[in-house]
Each structure stands twice: as structure tokens, then as C-alpha cells.
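Student: I've got a new model open and I'd like to go through it with you. Can we start with the charged pairs and then move on to the fold?

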Amino acid sequence: MSDIKKRKIILDCDPGHDDAVAIMMAASNPGIELLGVTIVSGNQTVEKTSLNGLKVLQWIGKGDIPCFQGCSRPMIREKLNAGDIHGETGLDGPVFPPLTLKIQEKHAVNFIIDTLMESDGDITMVTTGPMTNLGMALRMKPEIADKIQEIVLMGGAYTNGNVTPAAEFNIIADADAAYVCFTCGRPIRMMGLDITRKVLCTPDIVERMRQVGTIASDLFVDLMGHFCKTQYEIFGWAGGPLHDPCTIAYLINPDVIKSKYVNATIDIRSTESYGRTNCDMFDYMKKPKNCHVAYDIDADMFWDIVERELARYPKSEK
């Protein structure tokens, strides 16, 4: 009987190829208790991303982890999705068997509120998509803020964005929700493009994961076939940046990233720079610090973590 205290998390995501890998890692690690997967509109419509979350959980044999559908649109702005990267389904590439899992009846926002309010304040909110569900939960029930141990997000950049020069997708897709989360008073750890662009899933990485030979590594390889292709076509990357799993890798081993505690704000007023995460990395403004912004990642350690988590699953029959 292990006496290791598991880190309780709710994973709020918009699956998404890299979200799918994050789900696999969070569901496998013995040090993490994945209380539920909450789904938001982002990489595709919420109907499609919800199906994708169920498909991944079913594939890896984790149907006991509940999956909740959340907000179908941002708080204020018009909808934005990333079909150019993730395809028509949001998870193009793999061929999944017929789906038998079903989405939970409770709305994701209500699940977040209820779970946090019933907790001992020991739950980490991990967001790897637009922050709409968490932002709405904080607006509906502000008291939940005191129950959040930490917010760990994939989003933003202190350098260049990937939708506009200023803004990263997850933030610009609902900057108002991100603003609510960044001003809620809880500890925040931001994994932005500054580090996720350092973990490119190049062909040698794909082949390395293929050799793992589990049902999860099979899915990883199938996912990366489409993801790396579109990343190359649009950005010219040698491989797809594995954005979202950086959050889970940090939870598994915090040493994988280096971060700096700074003042970080969300631009919700500008036109050209709407959605920018303004991170005062040099403390020019002398404002209160509120966010641990990741600025470097140990890529070798990161890929070791990914490989180890994929290896925890049953062997493939391929």
C-alpha cells in the first residue's frame, strides 16, 4: 500500500491531439488522481471535442473517469476554433472503434463548482484549452477560488503568439475568461509557447514512442501523424510542438520546467494585441506578482516522462 499522496486534478481541455496526450499521461500516472475531464469548445466545437475526450478515454481503458461537456462558446467574443491544425473532427488521424462511453449529464461548469466546493482545497485545475469553463465557474460561484490549490494552464506566451503576433490560441479564444482566472487570486503556473515550442515531436520522437508498444503509444503515433503534418504545413516546424502535455509533465516532475514569478495580465481591451499575456519578466512595472511563467523546459526529461507514461498501459496487439 503506497503512502504517496496523489495530486488531485480536474483536466479542462478541448481535445485536440496534444490534449489527448495530456489525458493519457494524467490518467496513467500513479501520483495523479484525475477526478474528471471537462470539455470546452476550442480546437473544434464542444460537441466534437466532447466526443474526442470520450474516444481517448475509451481507447486507453479509462472509462471510469467521468467526462463532462462544458461551454460551447466564449464568454463574450465570437467563436474561434483550430480546425486548420486539428482537422474536421478535432482529432483527425486515428481510426477509433464505435463509441460506447457517454458524456455525463451534469454540465462541466457545475461539476467544477460542485467538486471544488466539496473538496478540502486540494484540487489543481489544469486547463489546456480556452479557460471558459473555469472562468464561468468563478463568476457563478466566486467562493470556489479559495478551494483551488493551483491553476496550471497551457496558454499564452511572453514572446510571440501563434494566432496573432501578440496572442496564443487558448488565450485569444476567450481572453475574458482568462482575465477572470488570472485575477481570481489563486496561484497560477503558465506554460506558454515559449517552452512548448521547445518540445517538437520530430520523426525520431514518433519512432521512439512507437517502440514503446502499448495501446497508448499506438494512439500517440496515430495522433502525431496528422498533427505534425499540419504543424509543418502552417508553421514550418520539423515536428508538432506538444503543447498541452507540458502541464502534466510539470505535475509529474516539477523539475522539468524553469519558471519565474512575475506580474502577468491579460489584454482584453486592445484590438491588435487582444489576448496577449503581458508578463513583466524584468519587473519593470513593480506590480504585485501573480503568476509563475515558465521560460525553459528540459526537453530530454520531458520526452522521458512522456515515454514512461505511455509505457504504463497494456501492451498493443499490433
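Student: How many salt bridges does the count come to?
Tutor: The count comes to 13 salt bridges. Keep in mind that this is a predicted model.

Student: OK, pick one. What does Lys-8 form a salt bridge with?
Tutor: Lys-8 pairs with Asp-122, and the closest N and O atoms are 3.4 Å apart. The two residues sit in distant parts of the chain, 114 residues apart: Lys-8 belongs to strand E1, while Asp-122 is in the loop between H4 and E4.

Student: Is Asp-122 buried or exposed?
Tutor: Asp-122 is buried, because its relative accessible area is 15% and the cut-off for buried is under 20%. Lys-8, at 26%, counts as partly exposed.

Student: Which side chain meets Lys-106 in a salt bridge?
Tutor: That would be Asp-114, at 2.8 Å from N to O. Lys-106 is partly exposed at 37% relative accessibility, and Asp-114 is partly exposed too, at 28%.

Student: And what about Asp-296, where is its partner?
Tutor: Asp-296 meets Lys-198 in a salt bridge of 3.0 Å, N to O. This pair also links distant parts of the chain, with Asp-296 in strand E12 and Lys-198 in the loop between helix H8 (193–196) and strand E7 (200–201), 98 residues apart. Asp-296 has 26% relative accessibility and counts as partly exposed; Lys-198 gets the partly exposed label at 41%.

Student: Which residues are linked in a network of salt bridges?
Tutor: Arg-7, Glu-150 and Arg-189 are linked that way. Arg-7 also turns up in the strand pairing, where it stands opposite Ile-32 in E2.

Student: Good, let's switch to the sheet. What's the strand order?
Tutor: It's an open sheet of 8 strands, ordered E3-E2-E1-E4-E5-E6-E12-E9, and the pairing is mixed. Strand E3 (67–69) and strand E9 (257–262) are the edge strands, each pairing on one side only. On average, neighbouring strands are turned by 25° against each other, direction ignored.

Student: Which helix packs on E1, E2, E3 and E4?
Tutor: Helix H4, residues 108–117, packs on the sheet there, and it touches strand E5 (148–154) as well. The direction of H4 makes about 150° with that of E2.

Student: What lies across E5, E6 and E12?
Tutor: Helix H7, residues 175–182, which runs at about 140° to E6.

Student: Back to E1. How many of its residues are buried?
Tutor: Strand E1 covers residues 7–13, and 5 of its 7 residues are buried. E1 pairs with strand E2 (residues 32–39) in the parallel sense, over 7 bridges. One pairing to click on is Ile-9 with its bridge partner Leu-34 in E2. Between E1 and E2 the chain passes through helix H1 (residues 17–28), and this β-α-β crossover is right-handed.

Student: How many bridges join E1 to E4?
Tutor: There are 5 bridges joining E1 to strand E4 (residues 123–127), and the two run parallel. Among the pairings, Leu-11 has Val-126 in E4 as its bridge partner.

Student: New topic: Met-191. Where is it found, and why is it called buried?
Tutor: Met-191 is in strand E6. Met-191 counts as buried because its relative accessible area is 0%. Leaving out residues up to four places away in sequence, Met-191 touches a list of residues including Val-152, Leu-153, Met-154, Tyr-250 and Ala-294.

Student: How far apart are Met-191 and Thr-247 in space?
Tutor: They are 6.7 Å apart, C-alpha to C-alpha, with their positions 56 residues apart in sequence. Thr-247 is among the residues that Met-191 touches.

Student: Last one, Thr-277. Buried or exposed?
Tutor: Thr-277 is buried, at 2% relative accessibility, and lies in strand E11 (residues 277–279).

Student: Which backbone oxygen lies 2.7 Å from a polar atom of the Thr-277 side chain?
Tutor: The backbone oxygen of Ala-157. Ala-157 is also one of the contacts of Thr-277 beyond four places in sequence, and others among them are Tyr-158, Ile-171, Met-190 and Ile-266.

Definitions and conventions: Residues numbered from 1 in each chain as written. Predicted model: local features only at pLDDT ≥ 70, side-chain atom pairs only at ≥ 80, totals over all residues. Heavy atoms only, no water. Buried < 20%, exposed > 50% of the residue type's maximum accessible area, 1.4 Å probe, protein only. Helix = DSSP H or I, 4+ residues; strand = E, 2+ residues; numbered from the N terminus. Pairing = 2+ DSSP bridges. Right-handed = clockwise from strand over helix to strand, strands pointing away. Polar contact = N/O pair within 3.5 Å; in protein donor to acceptor, adjacent residues only side chain to side chain. Contact = heavy atoms within 4.5 Å. Axes fitted to C-alpha atoms, helices over the stretch in contact; angles between N-to-C directions. Salt bridge = Lys/Arg side-chain N within 4 Å of Asp/Glu carboxyl O.
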